[in-house]
Amino acid sequence: MRPDINYNPQNKDLEIGGLSAAAIAEKFGTPCYVYSANAIQARLKTLQRALGAAGIGERTTICFACKANDRLGVLAEIAALGGGADIVSGGELKKTMSAGIPPEKIVYSGVGKSREELQSALDAGILQINVENGQELKLISEIAKSAKAHKPHGTGISLRYTPNISSDTHHKTATGHTENKFGLSEHAVTTLARTAKEAPHLRMQAISIHIGSQIVNLDNYDTAFQKLRALVDKLAEEGITLSHIDLGGGMGISYGRGTEIDIEAYTRLIARHFGDTDHKLIIEPGRYLVAEAGVLIGKVLYTKERASKAFAILDAGMDALMRPALYDSWHDIVPLHAPDKDAPLKTYDIAGPICETGDIFGNARTLPELRPGDRLAVLDTGAYGATMSNRYNARPSIPEILVKDGACRLIVQPPSIDDIIDAERKLVFESRVKT
Ligand code: LLP
């Protein structure tokens, strides 16, 4: 069904990394996220192989966009295979470094970096900061003057270029157009590149792009890379030579029913546009590496009949997985035991317990007839699942489990509601400090 997430052909149980999903759910309770380490590693290796086959493996650093999944247990798998990270906050900087990703492989994107965050990135000596506007560049320059931050071969500066193209993806995840808040126009890049080149404490290193997320149409990349290459060449003519080019992320997956990006064609496309240069290359995949490696397991609390339809109400909701509510995105939803051929089927709207009409994981899903206590797996939730979860309706976040080499381990144990109440109670009722 998915790499390392399959029905066992003999007993028909859903397995993650060879372990029964039902047994994992029994042990850790529902709802829970379960990830396969082997699936993450396999995906990273596939990408590394494709880069190698296109002749750009040596030159390319894969910086995993850890906003997709920032769990230390997951990041450690990426680190073990030599992957780097694309971060967007001081928190992600700390997490990636704690997981063993070296600063020389960390790039810092993000449209609103604070002074403190920039300071910590410069102190850590990360590979690159992808600058989003002139004020940010000025701030970095000021910080870089301070002795601690000023390392001879320290953090490089990249300018994030917005190629002004529309990508074939959901409008909330498209970033390549100047109507969106991200990046700099060609004119702004050119002007700021001159400033950065002359600034005594900065090293003008790269131009970066990121045109959006869940992109499967290579034409989008083709256009973006072409415009990026033209800009890099134009800057070189002016004497602004770069050591790196950062191509961003966005590589899309099938979600079980569409097409997924042709990763070999993608790497060949990179080679076609940049193969004849000697720049080091950076790519920032997030979803491609981890989405299919994760499932969200929820339990049916109730079923509910209406005149026009039936609902199954799960114990997992949009607080755990926001994607369907936020983007109307599709996730396959499957039972933990493959139904027999003649099992009675029924069509349900699969809903969560949250007090929002939009708290629906999937409409009109045909499944074996459900009863309270039955468990379902929401697939392809290893990316932008747990990291986007929240505590709406005073529901605690949920445990996360990593399966590796035939064993499973709890990798995230969120605070309980009692822990949260205790912390708030201390502040509200026990603290003497009033502001
Ligand atoms: N680089 C930058 C600068 C980004 O902003 C992103 C994602 C990535 C790389 C990684 O993109 P990916 O390879 O994962 O597509 N919450 C949305 C996705 C938002 C992506 C934001 N930026 C979702 O659930 O679909």
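Pro31 sits in the loop that runs between helix H1 (21–28) and strand E4 (32–36). What is the peptide bond from Thr30 to Pro31, cis or trans? In this model, which is a predicted one, the bond is cis, and its omega is near -5°. A second backbone oddity turns up at Asp328, in the loop between helix H11 (323–327) and strand E15 (333–335). Here phi is near 55°, a positive value even though the residue is something other than glycine. Both spots catch the eye because most peptide bonds are trans and most residues other than glycine have a negative phi.

Stepping back to the whole chain, the domain assignment splits the protein into domain 1 (5–36 + 291–421) and domain 2 (37–289). Taken over C-alpha atoms, the centres of domain 1 and domain 2 lie 32 Å apart. The two domains do touch: 25 residues from domain 1 and 26 residues from domain 2 take part in the contact.

Next come the open spaces. The largest pocket has a volume of about 710 Å³. Some 33 residues line this pocket, and the ones closest to its centre are Lys67, Thr175, Phe182, His210 and Tyr384. Which domains supply the lining of the largest pocket? Domain 1 (5–36 + 291–421) and domain 2 (37–289) each give at least three residues to it. As for chemistry, the pocket lining is a mix of eleven nonpolar, 14 polar and eight charged residues.

Closed-off space is another matter. The count of cavities of 30 Å³ or more comes to one. The largest cavity holds about 40 Å³ of space. Its lining is made up of Asp319, Ala320, Ser389, Asn390, Pro396, Ser397 and Ile398. Sorted by type, the residues of that lining fall into three nonpolar, three polar and one charged.

Finally, there is a helix pair to look at. Two packed helices are described by the angle between their axes and by the distance between those axes. For helix H2 (residues 37–53) and helix H3 (residues 72–80), the axes come within 10 Å of each other and cross at roughly 35°. The crossing of H2 past H3 is right-handed. On the H2 side, the contact is made by Ala37, Ile40, Gln41 and Leu44, while H3 brings in Val74, Glu77, Ile78 and Ala80. What sort of residues does the contact of H2 with H3 use? Six of them are nonpolar, with one polar and one charged residue making up the rest.

Definitions and conventions:
Residues are numbered from 1 along each chain as its sequence is written. This is a predicted model: local features need pLDDT of at least 70, side-chain atom pairs count only at pLDDT 80 or more; totals for chains, interfaces and linings use all residues. Side-chain values use heavy atoms; hydrogens and water are left out. Axes are lines fitted to C-alpha atoms, for helices over the stretch in contact, and angles run from 0 to 180 degrees between N-to-C directions. Helices (H or I, at least four residues) and strands (E, at least two) are DSSP runs, numbered from the N terminus. A crossing is left-handed if the near helix is turned anticlockwise from the far one by less than a right angle, and right-handed if clockwise. Contact means heavy atoms within 4.5 Å. Ala, Val, Leu, Ile, Met, Phe, Trp, Tyr, Cys and Pro count as nonpolar, Asp, Glu, Lys and Arg as charged, and the others, Gly among them, as polar. On a 1 Å grid over the protein atoms alone, a cavity is a set of points where a 1.4 Å probe fits but cannot get out, and a pocket is an open set with protein on both sides within 12 Å along at least five of seven lines; lining residues have an atom within 4 Å of a point. Grid points are joined across faces, edges and corners, and a volume is the space filled by probe spheres set on the points. Domain bounds come from an automatic or database domain assignment.
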